[in-house]
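Please open the model in your viewer and keep the selection box at hand. We will go stop by stop, with something to select at each one.

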Amino acid sequence: MKNIFTKIIQPQRRFRPFTWDVIIMILLVILLVFGSILNPVFLTAFNFSLMLPNIGEILLIAMPMTLLIIAGEIDLSVASIVGLSGVTFGLLYERGLNIWLAAFLGVIVGVLCGAVNGILVARVGLGSLAVTIATLALFRGFATAAMGNKSVTDFPESWTNFGYSTIGKTFLPQTYPLIIFFIILFGILTHLSIFGRRTFAIGQSVEAARFAAISVLNHKIILFILTGAMSGVAGVIYVLRISTAQYDNAMGLELSVIATALLGGVSIFGGVGTIWGVAAAAVLFGSLEALFNLQAVSPNIFTITTGTLLIGSVMIPLLLGRINRFRIDRIRENEKNAK
Amino acid sequence: MIQKIAAFQTTNFKINAKTLLRRRESGILMVLVLVSVATTLINPRFISGYGLSDLLLNTSMVGCLAVGLTPVVIARHIDLSIASATGFSAFLTAHIIVGHGWGVVPAFFVGACVGAIIGAVNGVLVAGLRLPSLVVTLGALYIIRGIDYQFANNKQFTAEKLPTDLMHLSQDKIYGVPYLFCLVLLLALFGVWWMRFTRFGRDLYAIGSNPPAADIVGIKVFSRTFFAFVWCGTLAGIAGVMYLSIYAIVDSAAFLNQELIVVTAVVIGGVNIFGGLGTIVGALLGAVLLRVLIGALVALGVAQFWQQAINGLLLLIAIGIDRILSRRSETKIERIRDERKMEIS
Amino acid sequence: MAQASKATTSRALFEILGAYKHFGGAIALNHADFTLRAGEIHALLGENGAGKSTLLKVLAGVHTLDGGTITLDGKPFIQGSPRMAMSQGVTVIYQEPSLFPDLTLAENVFIGRQLRNKTGINWSEMRAQAKALFDELGVDLDPSRIARGLSIADQQVVEIAKALSLDAQIILMDEPTAALTKSEVNRLMLVMRRLQEKGKSVVFVSHRLDEVFAVCDQITVMRDGSTVAQSKVSDSTINDVIKWMVGRELKDLYPKMESKIGDVALEVNGLSSASEFANISLKVRHGEIVALAGLVGSGRSEVARAIFGIDSYDSGSVKLNGKILPGGKPGISVASGLALVPEDRRQQGLFMQASVSRNIATEMLDKLAKFGLVSQRSENSLTQEWGKKLQIKYPNPKAPVDQLSGGNQQKTVLAKWFATNPDVLIVDEPTRGIDVQTKAEFHRQLSQAAASGKAILMISSELPEVLGMADRIYVMHEGRLVKELSRKDATQELIMTAATGQGRGES
């Protein structure tokens, strides 16, 4: 009995393919080494100080998005929330509100947007893809209606510095302590906390999660609210980084965020994903773009590479899995013949 | 000898498939008429002859794309690369026909071919390898956009360079219906025949309605899904040529970020985003409705800034209605269970 | 009667001799014989696990025999492909058919072979033909309505119409009546008669003996993978059939331990849920194993789900150690010391992609966590602890539970709940699809748990298990508790009689 058991299990363990998040980290290391050989500027502080701010918002939103996709849902409205919370922040500041309060209310708007998504998906029972395509238009519409085609730009210098300057003479942008804090926070939340365990459980099987006494609907609402809140934070930071609050801030960012999450090894079918994989994917994106810039490769090649990696992120694990299964079948066949 | 035995709920509730669908499409039509009439009452210029044909011309592109996307969505897939394909086809077609000095017909042929190739690649990845269409077409969106930018390289083609026949095409009309919209109608007509009167089309409904069962009854899932993507790509290519004709200028940013508008039109038109349900006529009406609303807002003097919010709200209402309809049939199952309860006690 | 005698004289269609089939170590068919004649309605009977489903699946082309012969109308039957089975004139009607919910009934009947004319699909002809088929079956269904929202009974009729349109000669029905109401069953029986009039042969699998005796001509009874009786319906009585079905010997499989029976731990009072069950009242005491017996579909699992809080109920109450549980809140149930091992371990009991340790720790996260954080190490040590106690075989705690055998998967579910140290444990078909050895271990574990003072409510369709394990037995029939038996009074015949609804007239 035991004998058969170990025979069946072992080949699977031996040939377990790399998971995609490991592959992406290997790719990142290769890129960093290769890039530094190719161009001495690549691994310098200056280059990083240029590269990092560009992926700041993506990192911020990709963190909760990872949890959301792991739980089997998706949010396409994040970029619109970024826009709306930025507009709220800008307009309230322009009306003379204390800037701290304005920023806070900008984040609160994000929380509310997330709550709307969450309630529509979990309580009303609509599909998250359709709901968030609708709220993508709705939230952006609110931003447009509130702001019109004007913009707010006269933020105090100390605040806009926060958006794009580095800390002293280091390469780290001032926003990064906050961003790194959030990455660690979400890393802990996802991989070490009860909340994270339950998120994976829901993504793997909603039915089994119900039988395990997990309150699935409330959990999903919380995830949407988290995503909205982080989009709100990103909205304020985005405004500060470009010193402008206007209605079309971060237009189209949702696809970059989702691409980052998927590239980081999060399964679109839910139940699988890691925060470090996603963070690595974001840095990979940023580094690749920076390297292409340095080498004067057209940014279009970068866009093409993004798309190819994205398709690769679903295709390669699939092919590896098929090869793996084929090998197991062959081993079993051999065992059968041996008998 | 053979007496009729009653079926168990056909007497309780009679959802006739045809009337249900008709209800949805007639519903959109009613909203359309309502909005148009109300707007015309307030601003008589809205529905004047010029306004109508202008409206149809402006609907041509999104209409064409909606007709293209519908079979894909019915088969429980999605194509996010559709707008990029349109933009790319617009630019590439312009490049090729300007180079060769070709006219209208070759232009459409070239555009359709460009789109078909894109659709075929998506189709192989989604139908052949069974990869998730959302991810594949999102990747395709980036790849096509990148190739488009790289290829266009800040060039643009303007009206002087483009063939004049093509430029005129967007202005010509039959009985006030622009040629381009006629083309969309023709494509839609073919689509209706395909989706309603061929086994090929019906198989797509079956695939979207119950994918495992489709495999079991032996439907050729690969070829059906593959062709749906090719069709979608082809129509995106044709829409690209329409873009050339309508805007008379094309650069790499043509039709950027418009994919979700097309999805919105299709869903408002009653095509279920989870597959199996909807018609090409509905999707086309959805596209028209979106356009009419924009026109109505302008005519009513509502700040155009509200347009997008209203689009979003409309989409929410549309999926909400779908949900209510399906809930209603669920509660009817509950009612049947009640009958069983009575038998038990 | 006339039909029955006519049937026995007609030619044999299916002749199965010495059918043998095993899955791994478990023998599903052990030299079973079966003969189906043209134009008869043939009942295939037996307890769960007797081999009926396996035999049916072989005929449907899902499985291939490891030994034995099948001839169809004198020619060898080509096995192993549902498509081939269909082309040889064999169709299956499953308990829950999978139609295309968005397509019309006419199209569901003709799916993949829609009728065409020169311009494409001929909808009116297709509707007319579907209507004609429904009429032939004597059922008034509208062919142009969509399948969504159709009752299961009507869905089965659509499948039967499809079989007719494919010109099937043999129609296999796998427990079609389990989910039907009385009037729906009556209609299905009329439909079966219609099929017989048209010269079709029907194989009818059912647990409800009254139905079998009302409609069938011939009976084959299976037990432990073999055929134990073949008889004409007119030559046998319900009591004969029950004896044939339950003739299995009680082996020394059930290490029942003595345990002290204490206070009431779980008390259910008048629990009712609109469509599923009515007025269920039962008690389980500390140290006691109580079985909830009955046929599949009699509402046992639904009662368990309602007690645990997965589904809400309409009226009645559930008390745990004297405290009333709010309905529909599984979280509170767990916190108060209730546990449920669900019937479907792959869908409900486990997260199949997740590791063994994640699964075992699912309910213990709050206790394992420090400041809301859970460490892999604490999960692993919990897994090792329970893995040893229940002798779960797993390669390492991080291995996906998917890679474990069925028995070890079920032990994992048990470990998950044992870890919470529940007062009351509800187990739903705990040993379904598990090899004999693991089964015995499982029974010992349950026995030990009871001996240590836990209250156990066990849902089971296997009579030997019920009789071997339970201190007390409730029997359910069509959503109601129809009998309560003590351990010493209970016999297989008594339970089966109550479960099939035979006892109602007497009491």
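Here is a walk through some stops in chains B, A and C. Bear in mind throughout that this is a predicted model.

**Stop 1: chain B as a whole**

Select chain B and switch to a cartoon view. Its secondary structure comes to 13 helices and five strands. Chain B has 345 residues, and 57% of them count as buried. Now consider the contacts in chain B between residues at least 6 apart in sequence: 80% of these join residues at least 24 apart.

**Stop 2: helices 4 and 5 of chain B**

Next, select residues 104-128 of chain B, which form helix 4, together with residues 133-152, which form helix 5. At what angle do these two helices pack? The angle is about 145 degrees, and the axes are 10 Å apart. The crossing of helix 4 of chain B and helix 5 of chain B is right-handed. To see what makes the contact, show side chains for I118(B), N122(B), L125(B) and V126(B) on helix 4 of chain B, and for S133(B), V136(B), T137(B), A140(B) and I144(B) on helix 5 of chain B. Colour them by class and you should find six nonpolar residues, three polar ones and no charged ones.

Stay with helix 5 of chain B for a moment. Its 20 residues should span 28 Å at 1.5 Å a residue, and the 27 Å between its end C-alpha atoms agrees with that. Why can helix 5 of chain B be called largely enclosed by the rest of the structure? Because 16 of its 20 residues are buried, where buried means under 20% relative accessible area. Just after helix 5 of chain B, pick N153(B), which has a positive phi near 50 degrees.

**Stop 3: helix 7 of chain B**

Move on to residues 179-197 of chain B, which make up helix 7. A quick distance check works here too: the 19 residues should span 27 Å at 1.5 Å a residue, and the end C-alpha atoms are 26 Å apart, which agrees. Now highlight the buried residues of helix 7 of chain B: L180(B), F181(B), V184(B), L187(B), A188(B), G191(B), W194(B) and M195(B). These cover an arc of only 135 degrees around the axis, so they sit on the same side of helix 7 of chain B. Rotate to the face turned away from that buried side, and you will find the exposed residues L186(B) and L189(B).

**Stop 4: chain A**

Select L60(A), which lies in helix 3 (residues 45-70) of chain A. Is L60(A) buried or exposed? With a relative accessible area of 1%, L60(A) is buried. Leaving out residues up to four places away in sequence, L60(A) touches I179(A), F182(A), M230(A), V233(A), A234(A) and I237(A).

For a contrasting stop, go to V33(A) in helix 2 (residues 20-38) of chain A. V33(A) counts as partly exposed, at 46% relative accessibility. Draw a distance from the C-alpha atom of V33(A) to that of L43(A), ten residues along the chain, and you should read 8.7 Å.

**Stop 5: two backbone torsions**

Finish with a look at phi. S243(A) sits in the loop between helix 11 (216-242) and helix 12 (253-263) of chain A. Although S243(A) is not a glycine, its phi is positive, at about 55 degrees. Then jump to N279(C), in strand 15 (residues 277-285) of chain C. N279(C) is not a glycine either, yet has a positive phi of about 50 degrees. With a relative accessible area of 47%, N279(C) is partly exposed.

Methods
Residues are numbered from 1 along each chain as its sequence is written. Chains are lettered from A and ligands numbered from 1 in the order in which they are written. This is a predicted model: local features need pLDDT of at least 70, side-chain atom pairs count only at pLDDT 80 or more; totals for chains, interfaces and linings use all residues. Side-chain values use heavy atoms; hydrogens and water are left out. Helices (H or I, at least four residues) and strands (E, at least two) are DSSP runs, numbered from the N terminus. The expected span of a helix is 1.5 Å times one less than its number of residues. Buried means under 20% relative accessible area, exposed over 50%, partly exposed in between (1.4 Å probe, protein chains only). The arc is that of the directions from the helix axis to the C-beta atoms. Axes are lines fitted to C-alpha atoms, for helices over the stretch in contact, and angles run from 0 to 180 degrees between N-to-C directions. A crossing is left-handed if the near helix is turned anticlockwise from the far one by less than a right angle, and right-handed if clockwise. Contact means heavy atoms within 4.5 Å. Ala, Val, Leu, Ile, Met, Phe, Trp, Tyr, Cys and Pro count as nonpolar, Asp, Glu, Lys and Arg as charged, and the others, Gly among them, as polar.
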